[in-house]
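Dear colleague,

I am passing on a structure that I would like you to look over. The sequence and the coordinates are below, and my notes follow them.

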Amino acid sequence: MPTAPEAVLDLQLTNRTTGADGVVVLEFRDPSGADLPAWTPGAHIDLVLTSELTRQYSLCGDPADTGTWRVAVLREALGRGGSQFVHDKLSEGDHVTVRGPRNHFELEPSPRYVFIAGGIGITPILTMARAAENAGADWTLVYGGRSRSSMAFADTLVAHFGDKVVVHPQDERGLIDLPGLLGEVRDNTLVYCCGPAPLLDAVTGHCDGWPSGALHIERFAAKDLEEPVRAEGFEVELALSGKTVAVAPEQSILQAVTAAGVQVLSSCEEGTCGTCETAVLGGTVDHRDSLLTADEQAANDTMMICVSRATCPRLTLEM
Ligand code: FES
C-alpha cells in the first residue's frame, strides 16, 4: 500500500451548501490561490477542527480541479462530535488546518466495476464512478439510503450517468438486493463498497466466493476488536531512532512510543484513517485495524500502530 507524502495546509472554507437532509457540502481553497496537492479517487483528508478533534472525510470533488477540495459531512447525532462541530461551527470564510490527501481506498484498473454505496459512503464512490466512466470501463453503481431526501448527489449522478446508477431509497424500495447483485461471480470485475458497517458486512458475506482481491471496502467506523493474540506486553525496537520501547498490555504502541519521546503522526487512533501507518522490519503483527486488506495484513510489512500489536515478544519498526 503506498503511503503518499501529505501536506499540512491552512485552507479557507469558500463554499458551504446543503447536499441532502443532514449533509453539508464544504469546499476549501488555499487563500493565496495556490494549487492543492493532487489526489486520486478514494482519497481522504483530515480536517483538524480543534486540538482534540480531527476527522477524516473523503474527497468528493473533481481531481482535475486543482484549486478546490470538496467534502460532504453527514451530521451524526450519536457520533463523537466531529460532524456536529462541522455543522454547527464552520462557516464560509473560516480557516481550517487540513492534512492529506491520503488514499487507502485506491481504484484499481479493471474493465468492469460494481460500486455499492450506503448513505454518506457515496462520497468516495462517486469519484470512482466518474473515473471508471472516463476510463471507458463497464460499471454500475447501486446507491442505498434511508430516504431519497437523505441521499446526497443522487440526482446529479442519475442526471450524468442515467441507468448506470440505481438509486435505492430504503423507504421506497427496501434493502439493496445484494444476492441479485453479487450472487453470480463475474470475471474481471472489481467490487467497491463504502457505507455503514451492516452494509459492508453483508457485501463482504456475498463476495465470499469472489476471487481474492475483487472486493474493496472502506470503513468509516472501526470494526469491533477481539482480544489481542498476545495478552502480555512486548518490546518495540525503533530502527531509525535506535530506541527500544516496552509496550504494556493496556497500552498501544502509539501511546508507548509517544511516551518515549518519539514523534508520530496520528489521527483517528482507532485503526481507520491510516495516518499512523508504520513499516514493519521484524516480528509478526497482530493486525487489528479496519483498513488493510487481508492480503496486506498477511504481507506483514506495514501496520497501524494505534491499534495493532505484536504476536511475538519483539517487533522492529521503521521509526
Ligand atoms: S491513527 Fe488512524 S489508523 Fe492509526
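Which residue stands opposite Glu218 in β11? In this predicted model, the residue facing Glu218 of β11 is Cys194. A second pair of this kind places Tyr192 opposite His216, again in β11. Strand β10 (residues 189-194) and β11 run parallel and are joined by 4 bridges. Between these two strands the chain passes through helix α6 (residues 197-206), and the resulting β-α-β crossover is right-handed.

The two faces of β11 (residues 215-218) can be told apart: His216 and Glu218 make up its covered face, while Leu215 and Ile217 lie on the uncovered one. As background, side chains in a regular strand alternate between the two faces of the sheet.

Turning to the sheet as a whole, you will find that 5 strands form an open sheet with parallel pairing, in the order β9-β8-β7-β10-β11. Its edge strands are β9 (165-169) and β11, each of which pairs on one side only. On average, neighbouring strands of this sheet are turned by 15° against each other, with direction ignored.

Two helices deserve attention alongside the sheet. Helix α2 (residues 122-134) packs on the sheet and touches β7, β8 (138-145), β10 and β11, with its direction making about 160° with that of β7. Helix α6, the one in the crossover between β10 and β11, lies across β7, β10 and β11 and runs at about 160° to β10.

The aromatic residues are the other topic I would raise. A search of the whole structure finds 6 aromatic pairs. One of them is formed by Phe115 and Tyr192, and this pair is tilted, with 6.2 Å from centre to centre and 45° between the planes. Phe115 belongs to strand β7 (residues 112-118) and Tyr192 to strand β10, so the pair ties together parts that are 77 residues apart in sequence. Both partners are shielded: Phe115 is buried, with a relative accessible area of 0%, and Tyr192 is likewise buried, with a relative accessible area of 0%. Ring pairs also link Phe115 and Tyr192 into a cluster with Phe105, Tyr113, Trp139 and Phe161.

When you open the model, Tyr192 may be a convenient place to begin, since this residue of β10 takes part in the ring pair with Phe115 and also stands opposite His216 in β11.

With best wishes

Methods: Residues numbered from 1 in each chain as written. Predicted model: local features only at pLDDT ≥ 70, side-chain atom pairs only at ≥ 80, totals over all residues. Heavy atoms only, no water. Buried < 20%, exposed > 50% of the residue type's maximum accessible area, 1.4 Å probe, protein only. Pairing = 2+ DSSP bridges. Right-handed = clockwise from strand over helix to strand, strands pointing away. Phe/Tyr/Trp six-rings, centres within 6.5 Å; stacked < 30°, edge-to-face > 60°. Axes fitted to C-alpha atoms, helices over the stretch in contact; angles between N-to-C directions. Contact = heavy atoms within 4.5 Å.
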